[in-house]
Each structure stands twice: as C-alpha cells, then as structure tokens.
Amino acid sequence: MSDRFKDHKIDSPRLIAEMLLSHVLGGQRIDLYARVDRIASEDELETLRAFVKRTIQHEPVQYIVGKAWFFGAEFDINASTLVPRTCTETIIEQAVQHCERLGASSSSTGGHSPRIADIGTGSGCIAITLANSLPTCTIVATDISLDALELAQENAALHDVADRITFIHGDGTTPLTPLEPFDVLCSNPPYIPEDEFPALDPNVREWEPHIALSGGKDGLLVVQPLIESAPSCLIAGGVLLVEIATSIKDSVLQLAQSSSSLGDAVILKDQFGDDRFLRAVKT
C-alpha cells in the first residue's frame, strides 16, 4: 500500500496505509505491529482494495475512514466540512489564554463565564474543543451549511458537550446580531484566493467543500465582512480570532487596523511558522 501511494505522489504514504489498515482491522495503529500474525479476511481485503483505489484518486483519508484528530481528540468527519488541521489549533490556544485571563481578572467578583462564538463551525472541532477546555464557557456555533451543523451536533453529543453549545444556521455574524455580545469571536472562514486554487493539493482542491475554501478573487469575500461586523458582536475588550491565508495577511491586517472599533491588531503564526491568524481586540 505504501509503495503504491508513493507511486501516485500521496503525502505520508506509510501513515495513510496504517490508518486504513487499522480502520479496517480494528484497534489502533500500534496494534498493526503488536499483532503481526493477524490475518485479514477476504472481506477485509476487498474493503482495503476499495480504500486504496479511493486514496490514489486523492480522496482525503479522513473522509474514507470518517474520522480526524484535532487537539488530541477524535472527531467524526464527512465531505460536508473541511478536514480539521493542526495549524488551526492556535485558535484554541489563543481563545483559552484570553478566557483564562478574564477568569483571573474577575476572580474577586466571583469569576466570569466566557461567551464564545465560533463562526463557520464545520465539524464543530473548534467549538467542542473550547467547551472541553473551558468548562464554564457558553458557546454559540454557526454555519451556513445544514449538513455541517448536523455533523457538528453529532460530534458535540459524542464529546458530551451538546448541552453547552448552541448551534445556529446562518451566514457570518448575522445569527449573532440578536444575541448578547461575546468575549471571543473565532472563525476559520473560507479564505483561499481564486488564483491559488490550481496550486492546492488535489486532496484539498478536488475533495474538500468549495464553499468552505473559496475566499473569492482576493481571498477576502468572507473575511472582510467578518472583520467589519465582528465589533458589534463583541464586548469591550473582546477578542477576534480569524484564520487566514498567508498571502492575504497584509490586506487583512489593514482591514483590522482601519476599523475604528478594533485595536491591537496583529498577525500570528501557526505551529509551522506561517502567518496564519488575525487577532484583534474590541476597543
């Protein structure tokens, strides 16, 4: 399997082979080496052959096995949402740090229960991870896709946080307008500029939902209205965290700095050293 994946220029061929095998045979990847005498049945081999065929057509392995890992936890995944990525975990770290500072500063008044909004929740990985990381927080998660919202709700139930996340169907900040303002507004919106699509890996370009990737001609189709409308959904001192493409960082930073309601705008790097996030504070 690894050799065939290499021949078709599939990234991480050994890892993908292990993921497919452990999914079909059961158990964890380590079990493939701990149980080397395990014989695959003919049905299992047939399933593996079908999975290999899908993989060499560049279908993401996460869609094939229906699972993905984010911040050390497993989430159900399907083609209605983006595949969760390690780089996005910086949003979790930033949001948790801000909420913990809020808790420390308000401890003398009995503490503070942070309110967080996750726009374009997709699989729900950001909202659910924050719910697990901040037991006292209240979270609202939105998405324009009903299929994505259904998946996110299923993941919330699997992680036992369904009672602490309100899922709302809607576009951008529109569903948040009637609600009380938030301490944190975070989002991993569509941000890929039109001219960058041909250079995307086939497993992204050909399989992940276009609506969750495309940021229009300049990458700002969704990001710009999000930055412009975010202040009306944040309390004073509330934080806006938005994942972006490195190529649009200057435009994004300029948008935030030109807002009369946002301050301390900076571009943050992800774990791989790429300029990946906007962080700004409601003034």
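In which hand does α2 pass α4? In this predicted model, the crossing of α2 past α4 is right-handed. The axes of the two helices come within 10 Å and cross at roughly 145°. On the α2 side, the contact is made by Ile16, Leu20, Leu21, His23, Val24 and Leu25. On the α4 side, Glu44, Thr47, Leu48, Phe51 and Thr55 take part.

Charged pairs were examined next. Over the whole structure, 12 salt bridges are found. One of these joins Glu18 to Arg14, with the closest N and O atoms 3.7 Å apart. Both residues belong to helix α2 (residues 13–25), where Glu18 and Arg14 are 4 residues apart, or about one turn of the helix. An α-helix has 3.6 residues a turn, so residues three or four places apart point the same way. Glu18 has a relative accessibility of 10%, and therefore counts as buried, the cut-off being under 20%. The pair does not stand alone, since Arg14, Glu18 and Arg29 are linked in a network of salt bridges.

A further salt bridge is formed by Glu44 and Arg38, whose closest N and O atoms are 2.9 Å apart. Glu44 is also among the α4 residues in contact with α2. The two partners fall into separate accessibility classes: Glu44 is buried, with a relative accessible area of 15%, whereas Arg38 is partly exposed, with a relative accessible area of 29%.

The side chains of Arg85 and Glu208 also meet in a salt bridge, with an N to O distance of 2.4 Å. This pair links distant parts of the chain, as the two residues are 123 residues apart. Arg85 lies in the loop between β2 (73–76) and α6 (89–105), while Glu208 lies in the loop between α9 (202–205) and α10 (210–213). Arg85 has a relative accessibility of 30% and counts as partly exposed; Glu208 is buried, with a relative accessible area of 5%.

Ser41 is placed in the loop between α3 (31–34) and α4 (42–56). With a relative accessibility of 32%, Ser41 counts as partly exposed. Its C-alpha atom is separated by 40 Å from that of Ile211, a residue 170 positions away along the chain.

Towards higher residue numbers, the description turns to a helix and a strand pair. In helix α12 (residues 249–257), Val252, Leu253, Leu255 and Ala256 are buried. Viewed down the axis of α12, the buried residues fall within an arc of 160°, so they line one face of the helix. The face turned away from this buried side carries Asp250, Gln254 and Gln257, which are exposed. The elements covering the buried residues of α12 include α11 (223–229), β8 and β9.

Two of these covering elements, β8 and β9, form a hairpin with 5 residues between them. Strand β8 (residues 262–269) and strand β9 (residues 275–282) run antiparallel and are joined by 6 bridges. Within this pairing, Val266 has Arg279 of β9 as its bridge partner. In the turn, Gly273 has a positive phi of about 85°.

Key:
Residues numbered from 1 in each chain as written. Predicted model: local features only at pLDDT ≥ 70, side-chain atom pairs only at ≥ 80, totals over all residues. Heavy atoms only, no water. Pairing = 2+ DSSP bridges. Buried < 20%, exposed > 50% of the residue type's maximum accessible area, 1.4 Å probe, protein only. Arc of directions from axis to C-beta. Contact = heavy atoms within 4.5 Å. Salt bridge = Lys/Arg side-chain N within 4 Å of Asp/Glu carboxyl O. Axes fitted to C-alpha atoms, helices over the stretch in contact; angles between N-to-C directions. Left-handed = near helix turned anticlockwise from the far one by under 90°.
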